[in-house]
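Colleague: I am new to this protein and would be grateful for a guided discussion of its architecture. May we look at the model together?

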Amino acid sequence: MAETLGKRWRLLLYIARLRYPRYPAYYFPVFVLLQGLKKLRSDLKLRLLDFYLQPIPNVLFEQLQSDQLVASEHTLFVSPTVFREYVVEREINWINLVLKVAKCSEQVEPTPQDKSLVSIILNKQDVSLLCQVAPHADVPLNALWVKENLVENLNERYTRHTGERYWARLQRITEGQHLPAIVAKANIFLYQTPYDLSSDMVDFILGRYFETPRLLYRNHTYQVPLTERFLGNTFYTKHFAVLVHMRSLWFKCLNLDSTAGAFEMSGIAQKSLTTLQQTTTYNNFLLPERFDGPYMRPSCPFGLRKYFHSLRSSLQAYLKMENNGLVRNGIYPVFMLRGERGIGKMAVLRSVASALGIPIYYADCSEIMTSISSQTETKLSTAFNKAKVCEPLIICLENFEVFGVDNEGHEDQRITGSFQAELMTLFGRQYSHPVVVVAVANQKESNTPKLTSLFLEVIQLHAPTTAERLELLRWISLGHRYRLPVAQLQKIAEQSQGFTLADLELLYGNALEAWRRSQDTGRVGLNHFLALLDHMQSTFSDSLGAPKVPKVLWSEIGGLAKLKSEIQNSIGLPLRHKHLMGKNMRRSGILLYGPPGTGKTLIAKAVATECNLSFLSVQGPELLNMYVGQSEQNVREVFARARTASPCVLFLDELDSLAPNRGVSGDSGGVMDRVVSQMLSEMDGISKDPGQQIFILAATNRPDLIDPALLRPGRFDKLLYVGPSCTVEDKESVLRAVTGRFRLAETLTLRKIAESLKQDMTGADMYSICSNAWLSAVRRTVKEAIAGDSIDEGLNADQVIVTEDDFKESVKKFIPSISPADMAYFNQLKGNFSA
């Protein structure tokens, strides 16, 4: 024996000397030995390694296991290194998952109801599950990707709290271990649903689900996705009215019987080989879902978490309905989510329902409300009677702003009383699971106060702030493959004032689509988003009145140097030094008055641009309406939009037509008096709220016609006169700003042109002079081109050169817009109103 080993050793050294002559003969054997020890150490480390279960979204899990022969919710995705270690043959990809329940629960104090003998036994021993295993490159070495539903099934079985991590080890299947076999019969419970599913629909859905072999475990709950891709276009279109609201059908496996009649803990069910027997329907909580879509993002958007926690905490008190003290005392779970369209009300409701495992029944109030009250009552009763069929249940009343309102817009007392009676009937029954009513209204304010008083809590969703818009953009980006850095998302959030969740989703999706259509080889960048953002803002400002940031710089405004400095100190200082301003020590408004054409509107736009504020411009007469109360409503909506887009500049043009002196306006209905009173209350509300950075600028030609109450300190407490240019320096500055895009002759000096303008002139007057000079230069250029036969070669704007003669000709034809008598009148106003 020793002699044979010696011969083999000498042979190995001889071969090593021939193969690697530059090294000593013993190097190669030692190297092989060390590599073997390293491999053995790695294998032992993997065998002793504890893995943690990482739940992944159900949609992503279905995509990853689409190529598996047997579809199973008990499939583990591991790193390729772990897969090579534990799976000897790729075709036999089964493995034992040993859950360390005791380790998972060692830091959790058991509650008194969990201290039963059965729970103690279950929580003190390791649990083994037979699972499929598949490799995936993105899985960390010590992690196991599992379906979210599997983790929730384990939580339900071992009474674990959500968020606790499971630890486990992997074991190869033993030589005599039986793999799952096809079962002859499977008994299941269908979870009850509030929607009317016929037996034919259920048979079709389950038949489609079990066309693929499925691994089932006893007492586990399974989810059947009701998507168009899964069910087929024909079936989905035929039953669209029901399937559009149902995302899934749930069932629980009760018993599994093999072909020999033996009792099985797990087995494979297939449509043509297994008899599927539905025992009865089943009322219970669904498995919670905390992910949205195929990406690892939570179901609730980040910027709406406070509303999520508010609604969830309200529902927590009603999760146990048996002997619930609140319900017995007449405090019913009736809630309302109120906010403008697209702000995220349904996203909050769906995320809360998914986290609690409660199905939702959607009832559209626009379909419930009819011209006949008895029909409306019947439809309302039908919606509430869904609680007899299915519990737990959230009854969602969509478009609730149209409910309980008659044709004239007043509250319908009969419908309100019927709604109250239905609530009493609904919660007068005995339930073992929670039944909740949640109304979703798309109005900021209620016009049915008695109906609103029936709700236990009204959760108002406000327009997102800059920080909340950034969080919403981060959440939206997690749902796309191409994502922007946080710094670029911050810039988008700062420039998207007034945008809601739906607007931001539309912006993100359209920007990616525009980038794909452009066939840009680089990555999607900030420029793609900003270009689309400008387009959306201009569209929204025209259709919805959404504020936008104009692009007017101080350099484009000539003259008015003292006025610029005064406005920058009044508005720019509070923005730059918020911490130095007292809670109520802030200006509410600035009134610009003076002759027409002096640049009052241009100044307001420049303020918004230089301070990076939203700009909401409102013409005074456009707020007035012939219907009673509508004018005041328009004023309230304008200030509400300004609060939404904070920080914002609200510019009220032609203020004298919107807020004349009360009592002398001459209207018999007193409309203007009520409009002025409404504006006074709105301005007082802004000045008392230091968190709202809203700066009000107003412009008028007749400050003497404005109601004096608006001109007191705390409202329009600073009146600034915007007059014509009087000095040569001011006129030259205005001419330089207007002719910034002109091509001037080299011999032309704007100083000389300004000196030739003897009288006081407004900015509009000088714009008229420059415009006429440009047209004169264009006519001269065209004549010269025709005379030289070069007109066919084409002309462009760069060939138009404005000369001094063009300006002289324009000045000769100029007619001033303000007469001396008008100037005398405005100078008198300046003396009366200026400090």
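Colleague: How many bridges join strand 10 to strand 11?

Modeller: This is a predicted model, in which local features need pLDDT of at least 70 and side-chain atom pairs count only at pLDDT 80 or more, while totals for chains, interfaces and linings use all residues. Residues are numbered from 1 along each chain as its sequence is written, and side-chain values use heavy atoms, without hydrogens and water. Strands (E, at least two residues) and helices (H or I, at least four) are DSSP runs numbered from the N terminus, and two strands pair if DSSP finds at least two bridges between them. Strand 10 and strand 11 (residues 248–257) run antiparallel, and the number of bridges joining them is five.

Colleague: Which residue in strand 11 stands opposite Val224?

Modeller: Val224 belongs with strand 10 (221–225), an edge strand that pairs on one side only. Opposite Val224, in strand 11, stands Leu249.

Colleague: In what order do the four strands of the open sheet lie?

Modeller: The pairing in this sheet is mixed. Its edge strands are strand 10 and strand 13 (275–282). The order is 10-11-8-13.

Colleague: Which helix packs on the sheet?

Modeller: The helix touches strand 8 (185–191), strand 10, strand 11 and strand 13. Its direction makes about 100° with that of strand 10, where axes are lines fitted to C-alpha atoms, for helices over the stretch in contact, and angles run from 0 to 180 degrees between N-to-C directions. The helix is helix 8 (residues 199–209).

Colleague: Which helix gives the most to the largest nonpolar core?

Modeller: A nonpolar core is a set of buried Ala, Val, Leu, Ile, Met, Phe, Trp, Tyr and Cys residues joined through side-chain atoms within 4.5 Å; buried means under 20% relative accessible area, with a 1.4 Å probe and protein chains only. The largest such core has 143 residues, and Leu349 and Phe419 are among those with the most contacts inside it. Eight of its residues come from one element, helix 14 (residues 345–356).

Colleague: How far apart are the end C-alpha atoms of helix 20?

Modeller: The expected span of a helix is 1.5 Å times one less than its number of residues. Helix 20 (residues 466–478) has 13 residues and should therefore span 18 Å, which agrees with its end C-alpha atoms being apart by 19 Å.

Colleague: What is the mean pLDDT of the protein?

Modeller: The pLDDT is the predictor's confidence in each residue, from 0 to 100. In this protein, 90% of the residues reach 70 or more, and the mean is 82.

Definitions and conventions. Buried < 20%, exposed > 50% of the residue type's maximum accessible area, 1.4 Å probe, protein only. Contact = heavy atoms within 4.5 Å.
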